Amino acid sequence: MLTLTRSVGESIRIGEDIEVYVVEVRGGTVRLGFKAPREVTIHREEVYKQIAEAQSLAAEVAADAVAALSAFAPAPGKPAGN
C-alpha cells in the first residue's frame, strides 16, 4: 500500500484522469473530493460491498431462472410441442 501525506487543498493523481483532493481534516475525519470521468464509479467501501453482494445474488437468481426455464425448452433436434 502506498501511503501519502497531503494537507487541505492539496491533491493526488491516479493515472491521467482521476484527481483526489483533501477538502477538510477535522479530528479523525478526512473529507475528500474527487474529479474523475463520469464513467468511473466511486463508492464508499461499505456501499461497494453492498453493490457487489447484490450483483452476486442477481447472478445466482438469473442462473436459477435459466435452469428452471431450460426444463421447458425442447430437446435439441426435437421440435417444440412434441
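1. A salt bridge here is a side-chain nitrogen of Lys or Arg within 4 Å of a carboxyl oxygen of Asp or Glu. With that in hand, look at Glu24, Arg26 and Arg31: they are linked in a network of salt bridges. Glu24 pairs with Arg26, where the closest N and O atoms sit 2.4 Å apart. Glu24 also meets Arg31, this time at 3.3 Å from N to O. Arg26 itself counts as exposed, at 59% relative accessibility.

2. Before going on, a word on confidence: this is a predicted model. The mean pLDDT of the chain is 87, and 88% of the residues reach 70 or more. Element by element, strand β1 (residues 11-14) has the highest mean, 97, while helix α1 (residues 45-70) has the lowest, 83.

3. On to the overall layout. You'll find one helix and three strands in the chain, and from the N terminus the order reads β-β-β-α. Strand β2 (residues 18-26) and β3 run antiparallel, with seven bridges joining them. One pair to click on is Val20, whose bridge partner in β3 is Phe34. The two strands form a hairpin with two residues between them, and Gly27 in that turn has a positive phi of about 60°.

4. How much of the chain is buried? Buried residues come to 6% of the 82 in the chain. The accessible surface is about 7,300 Å², and carbon and sulfur atoms own 57% of that. As for contacts with a separation of 6 or more, residues 24 or more positions apart account for 0% of them.

5. There's a nonpolar patch on the surface worth a look. Which residues make it? Val8, Val25, Val30, Leu32, Phe34, Val40 and Ile42 do, and the patch covers about 580 Å². Strand β3 (residues 29-35) gives the largest share, three residues. Leu32 is one of the patch residues and has its place in β3. Why does Leu32 count as partly exposed? Its relative accessible area is 44%, and partly exposed covers the range between the 20% and 50% cut-offs. That value also clears the accessibility bar for patch membership, because a patch residue needs over 30%. Phe34 turns up here too, as a member of the patch as well as the bridge partner of Val20.

6. Back to the charged side chains. How many salt bridges does the count give? Five. Apart from the network around Glu24, there is one between Glu10 and Arg6, with the closest N and O atoms 3.6 Å apart. In general, side chains of opposite charge can pair when their charged atoms come close. Glu10 is partly exposed at 31% relative accessible area, and Arg6 is partly exposed as well, at 38%. Both values top 30%, but neither residue can join a patch, because patches take residues with no salt bridge.

7. Last, a spot around Gly9. This glycine lies in the segment before β1. Is Gly9 buried or exposed? Exposed, because its relative accessible area is 59% and the cut-off for exposed is over 50%. Gly9 and Val22 are 13 residues apart in sequence, yet their C-alpha atoms are 5.6 Å apart in space.

Methods
Residues numbered from 1 in each chain as written. Predicted model: local features only at pLDDT ≥ 70, side-chain atom pairs only at ≥ 80, totals over all residues. Heavy atoms only, no water. Patch = residues over 30% accessible without salt bridge, like charges linked within 9 Å, V, L, I, M, F, W, Y side chains within 5 Å. Areas by Shrake-Rupley, 256 points an atom, 1.4 Å probe, with all protein chains shown as cover. Helix = DSSP H or I, 4+ residues; strand = E, 2+ residues; numbered from the N terminus. Buried < 20%, exposed > 50% of the residue type's maximum accessible area, 1.4 Å probe, protein only. pLDDT = per-residue confidence, 0-100. Pairing = 2+ DSSP bridges. Contact = heavy atoms within 4.5 Å.
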